[in-house]
Amino acid sequence: MALAAPGTLPLMDESHPNDRRQRLLDGMRAGMPFAVAGGLLALSFGVVAQSAGLSAGEAIAMSAIVFAGSAQFTAIAIIAQGGTVAAAVLAAALVNSRFLPMGVALGPSLPGGPMRRAAQGQAIVDASWGIAGRGDGTFDRWLLFGSTAVQYVGWVGGTIAGALGGNALGDPKALGLDAIYPAFFLALLIGELTDRRSRLVAALAALIALALVPVTPAGVPVLAASLASLVGLHASARADARARTDGR
């Protein structure tokens, strides 16, 4: 989830209610594969959270409120290693800091004042943000809402199943549940590697993360690697400027 920033681009998704309803359903269908994958990951989280000392209710409440797999697993890992709650919260916030630029990008496509945009921005999750993108820098908020809704149900439902019945599953690693989360993000990454610039930015981000993983706390490598996106944004801005110049 993230806070969406105010913006000035024209809103493009305010049309007939039937059209909005259809895009909401389209978003739900597009988000269903991620909801299934997220549900399986949440099942693992429910088991792991209890082994770290959380009660079933605490694990379920965390998923319902935080709704962010990477942040939740980071927090649980710190708690399981004897870290403080403050350290766990700080690390989770660091991991979730990637939602800030995503919210800034989404903001201009949302209607209403700051509080209304902020409320709508809470629907941002990684897959939904990608699904809602129109390819021209704007976003369809109804696709975002629909895809996030099914993922939220899958995430909380999976956590409930893992927290209440996880003991019957045994070791989640033995079942391969620990591989679901990286596979989920790998699928998102592959979908974005459509041109040379995207591939170069992804390679740079991977090198930054690999260099920092052995020497920095959890969350720092992800945050630092995200700075590679500035290279892509700079190159995109230069290409747009050239295109406008050539069109004159």
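Helix axes are lines fitted to C-alpha atoms over the stretch in contact, and the angle between two of them runs from 0 to 180 degrees between N-to-C directions. On this basis, in the predicted model, the axes of helix H3 (residues 69–80) and helix H4 (residues 85–95) come within 8 Å and cross at roughly 155°. Angles over 145 degrees count as roughly antiparallel, and H3 is therefore roughly antiparallel to H4. The crossing of H3 past H4 is right-handed.

The H3 side of this contact consists of Ser-70, Ala-71, Thr-74, Ala-75, Ile-78 and Ile-79. These residues meet Ala-87, Ala-88, Ala-91, Ala-92 and Val-95 of H4. Sorted by class, the contact of H3 with H4 comprises nine nonpolar and two polar residues, and no charged residues.

H3 also packs against helix H2 (residues 56–66), at an angle of about 140° and with the two axes 10 Å apart. This angle makes H2 oblique to H3. The crossing of H2 and H3 is right-handed. Met-62, Ser-63 and Val-66 of H2 make the contact with Ala-71, Gln-72, Ala-75 and Ile-76 of H3. By class, five nonpolar residues and two polar residues take part in the contact of H2 with H3, and charged residues are absent from it. Ala-71 and Ala-75 appear in the contact of H3 with H4 and also in the contact of H3 with H2.

The loop between H2 and H3 holds Phe-67. Phe-67 has a phi near 50°, a positive value in a residue other than glycine. Most residues other than glycine have a negative phi. The relative accessible area of Phe-67 is 9%, so Phe-67 is buried, the limit for this class being under 20%.

On the other side of H2 in sequence, Ser-55 lies in the loop between helix H1 (17–51) and H2. Ser-55 has a relative accessibility of 35% and therefore counts as partly exposed, a class that lies between the limits of 20% and 50%. The C-alpha atom of Ser-55 is separated by 7.9 Å from that of Ala-163, although the two residues are 108 residues apart along the chain.

Further along the sequence, Gln-120 is located in helix H6 (residues 114–121). Gln-120 is buried because its relative accessible area is 9%, which falls under the 20% limit. With residues up to four places away in sequence not counted, Gln-120 touches Leu-110, Pro-111, Arg-141, Leu-144 and Phe-145.

These local features belong to a chain with twelve helices and zero strands. Read along the sequence, the pattern is α-α-α-α-α-α-α-α-α-α-α-α. The chain has 248 residues, of which 38% count as buried; Phe-67 and Gln-120 are among the buried residues. The chain exposes about 13,200 Å², and carbon and sulfur atoms supply 69% of this area. Where contacts join residues at least 6 apart in sequence, 72% of them are between residues at least 24 apart.

Terms used. Residues are numbered from 1 along each chain as its sequence is written. This is a predicted model: local features need pLDDT of at least 70, side-chain atom pairs count only at pLDDT 80 or more; totals for chains, interfaces and linings use all residues. Side-chain values use heavy atoms; hydrogens and water are left out. Helices (H or I, at least four residues) and strands (E, at least two) are DSSP runs, numbered from the N terminus. Buried means under 20% relative accessible area, exposed over 50%, partly exposed in between (1.4 Å probe, protein chains only). Contact means heavy atoms within 4.5 Å. Accessible areas come from the Shrake-Rupley method with a 1.4 Å probe; for residues, only the protein chains shown count as cover. Angles under 35 degrees count as roughly parallel, over 145 as roughly antiparallel, 65 to 115 as roughly perpendicular and the rest as oblique. A crossing is left-handed if the near helix is turned anticlockwise from the far one by less than a right angle, and right-handed if clockwise. Ala, Val, Leu, Ile, Met, Phe, Trp, Tyr, Cys and Pro count as nonpolar, Asp, Glu, Lys and Arg as charged, and the others, Gly among them, as polar.
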